[in-house]
Amino acid sequence: MNNPYEIEEREYKHWATVVSEQAIQLFGNNQVVATGWAPSGYYHIGNFKEAVTCRAIYNELKNLGAKTRFILNIDDVDPFDKVPSFFKKDYGKGLHKYIGFPINQVPDPLGCHNSYAEHFIANALSIMESFDVTPENLSTAELYKKGEYDKYAKLFLEKREQVYQLTEQITGSRMEEFMLIQCPKCGNLAAPKMTGFSIEDEKIFVDIECRKEKKGCGEKSSIQLGETTWKLKWRLDWASRQDFLGVTVESSGKDHGVAGGSIDTSLAIHKDIFQKEKLPLLIQHGFLTFGGKKLSGSSGSGMPVTEFPKILDPTVFLYKIYRQNLRTDFDFNVSIDVPKVAAEFDQAEKLYFSKETIEKDKASKKIIKAYELALIDKPTSKPVIRIDYGHLSTIMQVCLFDQEVTLQRLYETNYIPRKLTDYEYDLFKKRFERAKYWLENYADDRIRFKILDVPDCSQVQKSTTEIILSLSKAIENLPEDIHGDDITQFLYEKAKANEIKPKDFFKVLYLIILGKTFGPRAGTLIEAIGKERVIAMMKKALSCF
Ligand SMILES: [Zn+2]
Ligand SMILES: [Zn+2]
């Protein structure tokens, strides 16, 4: 099989299409796309990236006519390994005694759900839903209770020598333990070690020792497997689950794909232990980071995933992710990048509606595919007016965050060339709210500003009357019907013509209007405030000298 990442590059095909076509070639028209997550903390960006990656493949498989299931495996049997920092202060104390317990048997420290695991599940599912990720949810605890894993436990124990050899070959170290078994005496799932076993009539009996060095009680027990909670070790669990669910495609972070990693192990188990000829397509996706950080769910630091829909339309955010190559890492700087990300989406939408459909080159086709996959609602029948996020952020600050005044200003400056439809008005309102939230909570100081009523002379005096007069004259001479960046360009040329550094020209504008040395694009700012008001401010500034 050809490497999907290379095909994506070589043929300018969207990765969702490449992967789906390969999956169909391998498994035909019945497909199962899977993703997994352990609710041991808040849903984080890594989980999110995986889920939305699988969403794109799931949708594309359906587009290509395959009958497809989309499964989310919720690993609610994960052992509780530490009290997260966000619970430490108030609620953490009561949790320490549950270290090592399966997370579905640890109480919810806030008391609002049946267990620690459930506390995080509700939150994660609602985030996924807002991004149109709506898989069937399968609980690991339920799957074990139903006995889905029983035959695998037996198989791994029977073929243990082969499993030892195989895992050692791949990972370089011997896999000593195959499963976690909960101690019947103290409830710890992580501490017990299996010291012996026997298989009688399909039943498995185990001897365990609850290791003190692993924070267990030190007791020895002999039980039938299943009397207490148990689970296979992650790599064995993963391959088994893929097998009984018939998973055809699953994506995981690149860290799983390193040589000797869990993807290699899982594939080897499918091939050598389960003796399958067709192996599931286990692909890898790149990391999404925020300001260089991979936000962790249990550390609770940085921006939680729940914030995403508050700053960007989920469709826009999905587009940003789908526009990247599958294995490419990318960093998202929330204080700076948000307007740019929105603008890229708006651009893609224009391309989608552009007339030269036949002429569209391969690169454009990839953009259009990313756009189509990102859409949550059906595409509109014709292009709609969307107000540029960055422009809107500037105008609303000039208009003191008044939504109707902002809209009026956009009409007056011809930025909105005709009356908005109800649908477009709704788009405007939603983008307004998001941009406002972003400005108030995340935007960089260079983007946030406040228009002064009167110039601050201590700031203005950093410049000279000569520059102020020259800029004022240039603004007076702005041609009619000039907008945005064309204004900036016009001023740039005037500065040069007057032998003034353009940088100093723009600086004095910011000093007078905003009382600082930087600000949004000069053209946008002047247009938003209005030429007359800017000139009036300039005049007032001259009295500072
Ligand atoms: Zn709760
Ligand atoms: Zn114990």
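## The zinc site

Four cysteines of the protein act as donors to the zinc ion (ligand 2), namely Cys-183, Cys-186, Cys-210 and Cys-217, each through its SG atom and at 2.2 to 2.4 Å from the ion. The model in which this site appears is a predicted one. The angles among the four donor atoms run from 104 to 114 degrees, and the site of the zinc ion (ligand 2) is tetrahedral. As a point of reference, the ideal angle for four tetrahedral donors at a metal is 109.5 degrees.

Along the chain, the donors of the zinc ion (ligand 2) follow the spacing C-x2-C-x23-C-x6-C. Cys-186 lies in the loop between β4 (179–181) and β5 (192–200), whereas Cys-210 belongs to strand β6 (residues 203–210), so this pair ties together parts that are 24 residues apart in sequence. Are Cys-186 and Cys-210 buried or exposed? Cys-186 is partly exposed, with a relative accessible area of 27%, while Cys-210 is buried, with a relative accessible area of 1%.

## Helix α9 and its partners

Helix α9 covers residues 234–245, and Phe-244 is found in it. Leaving aside residues up to four places away in sequence, Phe-244 touches Leu-143, Glu-148, Tyr-149 and Tyr-152. Phe-244 and Met-537, by contrast, are 73 Å apart in space from C-alpha to C-alpha, and 293 residues apart in sequence.

Helix α9 also holds both members of a salt bridge, Arg-241 and Asp-237, which lie four residues apart, about one turn of the helix. Their side chains meet with a distance of 3.4 Å from N to O. Arg-241 is buried, with a relative accessible area of 5%, and Asp-237 likewise counts as buried, at 4% relative accessibility.

A further salt bridge involves Asp-243, whose side chain meets that of Lys-276 at 2.8 Å, N to O. Lys-276 lies in the loop between α10 (262–273) and β10 (281–285) and Asp-243 in helix α9, so the pair ties together parts that are 33 residues apart in sequence. Lys-276 counts as partly exposed at 24% relative accessibility, and Asp-243 is partly exposed as well, with a relative accessible area of 23%.

## Other salt bridges

A search of the whole structure finds 26 salt bridges. One of them is formed by Asp-485 with Arg-521, and the closest N and O atoms of this pair are 3.6 Å apart. Asp-485 lies in helix α20 (residues 484–497) and Arg-521 in the loop between α21 (502–513) and α22 (522–529), so their salt bridge ties together parts that are 36 residues apart in sequence. At 40% relative accessibility Asp-485 counts as partly exposed, whereas Arg-521 is exposed, with a relative accessible area of 57%. Elsewhere in the list, Lys-154, Glu-158 and Glu-202 are joined into one network by salt bridges that share partners.

## The second largest pocket

Arg-521 appears again in the second largest pocket, where Pro-339, Gly-390, His-391, Thr-394 and Arg-521 lie nearest the centre among the 26 residues that line it. About 660 Å³ of space lies in this pocket.

Which helix gives the most to the lining of the second largest pocket? That helix is α15, which contributes five residues. The helices α13 (338–353), α15 (389–398), α20 and α22 each supply at least two residues of the lining.

Terms used: Residues numbered from 1 in each chain as written. Chains lettered and ligands numbered in written order. Predicted model: local features only at pLDDT ≥ 70, side-chain atom pairs only at ≥ 80, totals over all residues. Heavy atoms only, no water. Contact = heavy atoms within 4.5 Å. Donors = N, O, S within 2.8 Å, 3.2 Å for Na, K, Ca; no water. Tetrahedral: all angles 85-135°; square planar, octahedral: opposite > 155°, others 65-115°. Buried < 20%, exposed > 50% of the residue type's maximum accessible area, 1.4 Å probe, protein only. Salt bridge = Lys/Arg side-chain N within 4 Å of Asp/Glu carboxyl O. 1 Å grid on protein atoms, 1.4 Å probe; cavity = no way out; pocket = protein on both sides within 12 Å on 5 of 7 lines; lining within 4 Å. Points joined across faces, edges and corners; volume = space filled by probe spheres on them.
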